[in-house]
Amino acid sequence: MTYKIAVLPGDGIGKEIVDQAVRVLTALKLDIALEEAPVGGAAYDQLGHPLPPSTLELAKNSNAILFGAVGDWKYDSLPREHRPEQAILGLRKNMGLFANLRPAILYPQLANASSLKPEVVSGLDILIVRELTGDIYFGTPRGVRTAEDGAFKGEQEGFDTMRYAETEVRRIARIAFEAARKRNGKLCSVDKANVLETSQFWRDIMIDVSKQYPDVALTHMYVDNAAMQLVRAPKEFDVIVTGNLFGDILSDEAAMLTGSIGMLPSASLNASNQGLYEPSHGSAPDIAGKNIANPLATILSAAMLLRYSLNESAAADKIEEAVRQVLAQGLRTADIYEEGTEKVSTSQMGDAVLKALS
Ligand code: NAI
Ligand code: MG
């Protein structure tokens, strides 16, 4: 079967970095068909919508999406539905992409990039599994109303609803347990069960699902403690699973532990293993068009694409090994450059990964 991959470069550095990932995917000589479509501000300029129906259709009919980034300051004054960022939300929603996987890996050669002491972070390799479509971000009712009780009765109040359905927790739990099983058999579920009903419910279901994974050691941690432990002793973690709100914050915190946003891939999966794969960073308009952006986060996203949506783990391993090799050779784009290493452009970094692959 030929795998279909939708290639959506988007805005800013999107095209430059996706081009390099496409070269890498092509070089592997797998049975894949790549098809490109506009998304984000580029699509708005061309077709009047950040997620044109033709792009959404292509994405839905593909096994996976390789995504660059969307957004640019020049679209800031557009009404919200025309903003580039709506493209990601639209893809998540229309394709049911509920599981966000964000590895935070600190390659030994880049240990100085972290603001934490090398002994605390060197060799860090953790995976945050964040639920992406539920929680207080989407719960209803929400809005502004007149308070009916309490100390501020009669005043206007803003409110949101935190909620998780059983199915939502079970399916993210399964993704996390499967991931933990493939790694080191350690899973930490992060919640706020001492205060929140939603969290106690979440915790009870995690414990229930854990019965099907006797080989995975499940632990629980309150989110405030998890935020502390992530900077105190991040290597104590292996896989972390958490809800949408806590995951939003913790995954950004974990990204900063590595100090190199240009190195971090991400995946968003649905129940049929379709996925959207993108670097964790944005469209970096400040450096767009200069051939200096780091393409490795996108190349590593392509590796995740092969591993999670195409079941091509061996090919994914090859890409990750090639990335380790180019770092070991001392090649660095500007964002990770330090004295004694060799500064290369976006396309030269792509060249080096291709060479390491062959
Ligand atoms: P950003 O991640 O685009 O950039 C932050 C800083 O990191 C900038 O100095 C940038 O030059 C640098 N940087 C980012 N990626 C890099 C790479 N691969 N190589 C070297 N340096 C890199 O975040 P920012 O500036 O807050 O947002 C810019 C635009 O991106 C906004 O329109 C924002 O909405 C959008 N954005 C899009 C995302 C997506 O498409 N998923 C995610 C985050 C932001
Ligand atoms: Mg965030």
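This report walks through a predicted model of one chain with a bound ligand.

## Confidence

The model is a prediction. The mean pLDDT of the chain is 95. A score of at least 70 is reached by 100% of the residues. For the complex, the predictor reports an ipTM of 0.97 and a pTM of 0.92.

## Two domains

The chain splits into two domains. Domain 1 is built from two stretches, 1-97 and 261-358. Domain 2 covers 115-258. Their centres, taken over C-alpha atoms, are 26 Å apart.

The domains touch each other. Domain 1 gives nine residues to this contact, and domain 2 gives six. On the domain 1 side, six of the residues are nonpolar, two are polar and one is charged.

## Around the ligand

Ligand 1 has 22 residues around it. The closest are Gly71, Gly262, His281, Gly282 and Asn294. By type, the shell holds 11 nonpolar, six polar and five charged residues.

## The sheet

An open sheet is formed by 10 strands. Their order across the sheet is S2-S1-S3-S12-S11-S4-S5-S10-S8-S9, and the pairing is mixed. Strand S2 (32-36) lies at one edge and strand S9 (217-222) at the other. Each of these two pairs on one side only. On average, neighbouring strands are turned by 20° against each other, direction ignored.

Strands of a sheet pair through backbone hydrogen bonds, in parallel or antiparallel fashion. Strand S11 (residues 265-269) and strand S12 (residues 275-279) are antiparallel. Five bridges join them. Within this pair, Ala267 faces Tyr277 of S12.

## A helix on the sheet

Helix H6 spans residues 166-182 and packs on the sheet. The strands that H6 touches are S4 (99-105), S5 (125-131), S8 (186-191), S10 (239-242) and S11. The direction of H6 makes about 165° with that of S5.

## Two backbone exceptions

Most peptide bonds are trans, and most residues other than glycine have a negative phi. Two places in this chain depart from that pattern.

The first is the bond between Thr140 and Pro141. This peptide bond is cis, with omega about 0°. Pro141 sits in the loop between S5 and strand S6 (143-146).

The second is Asn291. Its phi is positive, near 60°, and the residue is not a glycine. Asn291 belongs to the loop that runs between S12 and helix H10 (296-308).

How values were computed: Residues are numbered from 1 along each chain as its sequence is written. Chains are lettered from A and ligands numbered from 1 in the order in which they are written. This is a predicted model: local features need pLDDT of at least 70, side-chain atom pairs count only at pLDDT 80 or more; totals for chains, interfaces and linings use all residues. Domain bounds come from an automatic or database domain assignment. Two residues are in contact if their C-beta atoms, placed from the backbone, lie within 7 Å. Ala, Val, Leu, Ile, Met, Phe, Trp, Tyr, Cys and Pro count as nonpolar, Asp, Glu, Lys and Arg as charged, and the others, Gly among them, as polar. A residue is near a molecule or strand if its C-beta atom, placed from the backbone, lies within 6 Å of it. pLDDT is the predictor's confidence in each residue, from 0 to 100. Two strands pair if DSSP finds at least two bridges between them. Helices (H or I, at least four residues) and strands (E, at least two) are DSSP runs, numbered from the N terminus. Axes are lines fitted to C-alpha atoms, for helices over the stretch in contact, and angles run from 0 to 180 degrees between N-to-C directions.
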